[in-house]
Amino acid sequence: MNNLKHPIVALSGNPNTGKSTVFNALTGLNQHTGNWPGKTVTLAAGTFAWQNTTFTVVDLPGTYSLFANSPDEEVARDFILFELPDVTVVVVDATCLERNLNLVLQVLEITPKTVVCVNLMDEAQRQGLVVDTDKLATELGVPAIPCVARSGKGLAALKKAIFNVATGRIATSPRPIRYDPNIEIALAVLTKELSPLAPLLSPRWLALRLLEQDESILQHFLPEDKTSTSSLVMQHPSTTKKVAPWFS
Amino acid sequence: MAAANQDTIIPLSLLPNDSWGEIVAVEIMGPVKRRLLDLGLVPGTKIQFAFSSPLGDPRAYRVRGTLLALRANEAQSIMVRRSEQ
């Protein structure tokens, strides 16, 4: 957890959800841009103040997913994973919520300290859609704030929710995502082993990536080692018997 | 003809213009499959052939309130059942 005197807020979301409009509305003119080391992906950062606390907001690349299919997705994922933002805001498009919730679930698997910003509420209303953000918040287990970033509507509530989640005044509790029984058995085995290895990360999330044989995440933990994900898991003494059958 | 075809599973690429299908399977492996799933193309999802580019590839499909373009070889690997709406 970062020092709460300078809390960090990661701003994520699908492309075309008005994420950058939210960013500009939150930070005003207090922003600058910079490169993420090693990647030609530009990140913009800005600040806003709420209750005498100055928050640094980082505008992550717009992505549909955090599975590192592209440099953008990898940067967004790595920021949320390794920079340990105090709060991650996921901006979603109220007019196609269903499609946007994929990313929300992926973020919630990484960090419970999440606020969902349901943007483009005016557009949804024009299309005759009614979005029940209270129900959405209950279902997700994190705050869901209706916004019209273009006109600044809902931004005060968003800042307040960010403040409350960062300071722990709101305790978030995302509904855990359950997988097939076979996967859950494998996860239980791996999670136990992984817990002491990466104390700052969700062991369940890490176990899921191992089961997917996600090489990009392993590189962060084995910089010197050429071992591929599959052989690492296969050779792991406690997992060989129970987990191996589901890989083939 | 429509009634007889209702339960037939066809590749998305053979879905007639304007008609809807329900995704039954995405028969691709690797990152492309992951990508299609991320874009919401999971089994059970309704998808409509919206319009075609001049040469027929790629084509635009309507899914979950958005339009997305798919190449013919991707559409061939997505199996759908003809459906209403």
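1. A word on terms before we start: two residues are in contact here if their C-beta atoms, placed from the backbone, lie within 7 Å. Please also keep in mind that this is a predicted model. With that said, a good place to begin is helix α5 of chain A, whose buried residues pack against α3 (97–110), β6 (114–119) and β7 (144–146) of chain A.

2. Which residues of α5(A) are buried? In this helix, residues 133–140, they are Thr133(A), Leu136(A) and Leu140(A). Viewed down the axis of α5(A), the buried residues fall within an arc of 55 degrees, so they line one face of the helix. The other side of α5(A) carries Asp134(A), Lys135(A), Thr138(A) and Glu139(A), which are exposed. Just after the helix comes Gly141(A), with a positive phi of about 85 degrees.

3. One of the packing partners of α5(A), strand β6(A), deserves its own look. Six of its six residues are buried, and this covers both faces of the strand. Thr114(A), Val116(A) and Val118(A) are on one side, while Val115(A), Cys117(A) and Asn119(A) are on the other. You will also find β6(A) joined by six bridges to strand β5 (residues 87–93) of chain A, and the two strands run parallel. Within that pairing, Asp93(A) has Asn119(A) as its bridge partner, and Asn119(A) is among the buried residues of β6(A).

4. Moving to chain B, the secondary structure comes to three helices and six strands, following the pattern α-β-β-α-β-β-β-α-β along the sequence. The radius of gyration of chain B is 12 Å, close to the 12 Å that the globule rule gives for 85 residues, so chain B is as compact as a globular protein of that length. Its C-alpha trace spans about 35 × 30 × 25 Å along the principal axes. Buried residues make up 21% of the 85 residues in chain B. Of the contacts in chain B between residues at least 6 apart in sequence, 58% join residues at least 24 apart.

5. How are the strands of chain B ordered in the sheet? The six strands form an open sheet in the order β1-β6-β2-β3-β4-β5, with antiparallel pairing. At the edges are β1 (9–11) and β5 (66–70) of chain B, each pairing on one side only. From one strand to the next, the twist averages 45 degrees. Edge strand β5(B) is joined by five bridges to β4 (residues 59–63) of chain B, and these two run antiparallel. Here Tyr61(B) has Leu68(B) as its bridge partner in β5(B).

6. A residue you may like to inspect in the same sheet is Gln48(B), in strand β3 (residues 46–52) of chain B. Is Gln48(B) buried or partly exposed? It has 17 C-beta neighbours inside 10 Å, so Gln48(B) counts as partly exposed. Beyond its neighbours within four places in sequence, Gln48(B) is in contact with Asp18(B), Ser19(B), Trp20(B), Tyr61(B) and Arg62(B). With Arg62(B), the C-alpha to C-alpha distance is 5.0 Å, although the two residues are 14 apart in sequence.

7. Finally, the interface between the chains: nine residues of chain A are in contact with nine residues of chain B. On the side of chain A that touches chain B, the residues divide into three nonpolar, four polar and two charged.

Technical notes
Residues numbered from 1 in each chain as written. Chains lettered and ligands numbered in written order. Predicted model: local features only at pLDDT ≥ 70, side-chain atom pairs only at ≥ 80, totals over all residues. Pairing = 2+ DSSP bridges. Helix = DSSP H or I, 4+ residues; strand = E, 2+ residues; numbered from the N terminus. Axes fitted to C-alpha atoms, helices over the stretch in contact; angles between N-to-C directions. Buried ≥ 20, exposed ≤ 12 C-beta atoms within 10 Å, placed from the backbone. Arc of directions from axis to C-beta. Nonpolar A, V, L, I, M, F, W, Y, C, P; charged D, E, K, R; others polar. Rg over C-alpha atoms; globule rule 2.2 N^0.38 Å.
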